[in-house]
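Here is a short tour of one protein model. Look at the surface, then go inside.

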Amino acid sequence: MTDNLGRHLPEEFLDVARHSDPDNLTWAPLLYRAPWAILTGRAARGPVTVAGDAFHPMTPDMAQGGCAAREDAIVLARALSSRSPSPSPADGVAAYVAERRGRAAWIVAGAYLSGYVQPGSPSAPGVRAAAVKLFRDWIFYRFVFPLLADTMWFDCGDLVAPPPRDG
């Protein structure tokens, strides 16, 4: 691996690879969840929900996975601490899912599209590869990518502490 795949990596990284025990390595495929499944699928059952990669697995092409998981944590905590007229954990979870669905679907779709078009789809056959490159160079980078890049400036709001309870 260090002679082939990692030949252009800094020496520090190669040193870590050389001193690693291959028996301790695990490989897991990248998962993809269709954006429409995020928009329409079940993400909660009563007071139980999913967050992070369980809610919105995505390829690393936009580097938003960890950010999205932190956003989930803030939105979920805020929703669970809400002091609505009839607070319940299930209501908080439902509010969290409703707030996160759209953004999660957008990030997953953006990461997939970005990862597909940026390398020019080298595995696609002739005409299809040319179409992907044309789309990438004339449409994606001019119009779509700026919208996707704006995802990093998303503000999910503050985690406001609930007011003190009486008594």
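Which residues make a nonpolar surface patch of about 450 Å²? They are Leu-134, Trp-138, Ile-139 and Phe-143. Find Phe-143 in helix H5, which covers residues 126-149. Phe-143 has a relative accessible area of 55%. The cut-off for exposed is over 50%, so Phe-143 counts as exposed.

Keep in mind that this model is predicted. The mean pLDDT of the protein is 85. Of its residues, 89% reach 70 or more. Among the elements, helix H1 (residues 11-18) has the lowest mean pLDDT, and E2 has the highest.

Now move to Ala-63. This residue is in the loop between strand E2 (48-49) and helix H3 (65-80). Its phi is near 55°, a positive value in a residue other than glycine. Is Ala-63 buried or exposed? Ala-63 is exposed, because its relative accessibility is 57%.

The table sets the two exposed residues side by side.

| Residue | Place | Relative accessibility |
|---|---|---|
| Ala-63 | loop between E2 and H3 | 57% |
| Phe-143 | helix H5 | 55% |

Next, go inside. The largest nonpolar core has 23 residues. Ile-38, Met-58 and Tyr-96 have the most contacts inside this core. H3, helix H4 (89-117) and H5 each supply at least two of the core residues. The largest share, nine residues, comes from H4.

What does Ile-38 touch, not counting residues up to four places away in sequence? Its partners are Arg-33, Phe-55, His-56, Arg-101, Ala-104, Ala-105 and Val-108.

Technical notes:
Residues numbered from 1 in each chain as written. Predicted model: local features only at pLDDT ≥ 70, side-chain atom pairs only at ≥ 80, totals over all residues. Heavy atoms only, no water. Helix = DSSP H or I, 4+ residues; strand = E, 2+ residues; numbered from the N terminus. Buried < 20%, exposed > 50% of the residue type's maximum accessible area, 1.4 Å probe, protein only. Patch = residues over 30% accessible without salt bridge, like charges linked within 9 Å, V, L, I, M, F, W, Y side chains within 5 Å. Areas by Shrake-Rupley, 256 points an atom, 1.4 Å probe, with all protein chains shown as cover. Salt bridge = Lys/Arg side-chain N within 4 Å of Asp/Glu carboxyl O. pLDDT = per-residue confidence, 0-100. Core = buried A, V, L, I, M, F, W, Y, C linked by side-chain atoms within 4.5 Å. Contact = heavy atoms within 4.5 Å.
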